[in-house]
Amino acid sequence: PDQQDDATLEHFVAAGAGVVQRVEGRAKVPAGEWAHIAAVQRGPSLRLYLNGRPDGELKLPAHMARPAR
């Protein structure tokens, strides 16, 4: 199979009423290698992690933010 070039992360969140929010990562994800990817919401922030390291952040609209537990 053909290997694609390295790429960055993108995560989309439906914010209601047809609005979609997007958060983008900065680091390259190596093609053909396993990676641990996580999207974590804490309060008003949505953060992307790549292999345990912060990689992108989005401030969520007020109606989507919830208190951290």
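**Exercise 1. Find the residue in strand 2 that is the bridge partner of glycine 16, then describe the hairpin around this pair.**

*Solution.* Start with the pair itself: glycine 16 has valine 19 as its bridge partner in strand 2. Keep in mind as you go that this is a predicted model.

Next, look at what lies between the two strands. Strand 1 and strand 2 form a hairpin with 2 residues between them. In that turn, alanine 17 has a positive phi of about 50 degrees.

Finally, step back to the whole pairing. Strand 2 covers residues 19–24, and 6 bridges join it to strand 1 in an antiparallel arrangement.

**Exercise 2. List the elements of the protein chain in order from the N terminus, and work out how many of its residues count as buried, as a percentage.**

*Solution.* Begin with the count: there are 5 strands and 0 helices. Read from the N terminus, the order is therefore β-β-β-β-β.

Now turn to burial. The protein chain has 69 residues, and 23% of them count as buried. Its accessible surface comes to about 5300 Å², with 51% belonging to carbon and sulfur atoms.

One more value helps with the overall fold. Among contacts with a separation of 6 or more, 36% are between residues 24 or more positions apart.

**Exercise 3. Is serine 45 buried or exposed? Map its surroundings as well.**

*Solution.* First, place the residue: serine 45 is in strand 4. Its relative accessible area is 4%. The cut-off for buried is under 20%, so serine 45 is buried.

Then check the side chain, which makes a polar contact of 3.1 Å with the side chain of lysine 59.

Last, collect the contacts beyond four places in sequence. For serine 45 these are Val40, Glu57, Leu58, Lys59 and Leu60.

**Exercise 4. Which residues make up the largest nonpolar core, and which strand supplies the largest share?**

*Solution.* Select the members: the core has 11 residues, namely Leu9, Val13, Ala15, Val23, Val29, Leu46, Leu48, Leu50, Leu58, Leu60 and Met64. At least two of them come from each of strand 1 (10–16) and strand 4 (45–50). Strand 4 gives the largest share, 3 residues.

Now zoom in on one member, leucine 58. Outside its neighbours within four places in sequence, leucine 58 is in contact with Gln21, Arg22, Val23, Pro44, Ser45 and Leu46. Two of these contacts, Val23 and Leu46, are core members too.

Conventions:
Residues numbered from 1 in each chain as written. Predicted model: local features only at pLDDT ≥ 70, side-chain atom pairs only at ≥ 80, totals over all residues. Heavy atoms only, no water. Core = buried A, V, L, I, M, F, W, Y, C linked by side-chain atoms within 4.5 Å. Buried < 20%, exposed > 50% of the residue type's maximum accessible area, 1.4 Å probe, protein only. Helix = DSSP H or I, 4+ residues; strand = E, 2+ residues; numbered from the N terminus. Contact = heavy atoms within 4.5 Å. Pairing = 2+ DSSP bridges. Polar contact = N/O pair within 3.5 Å; in protein donor to acceptor, adjacent residues only side chain to side chain. Areas by Shrake-Rupley, 256 points an atom, 1.4 Å probe, with all protein chains shown as cover.
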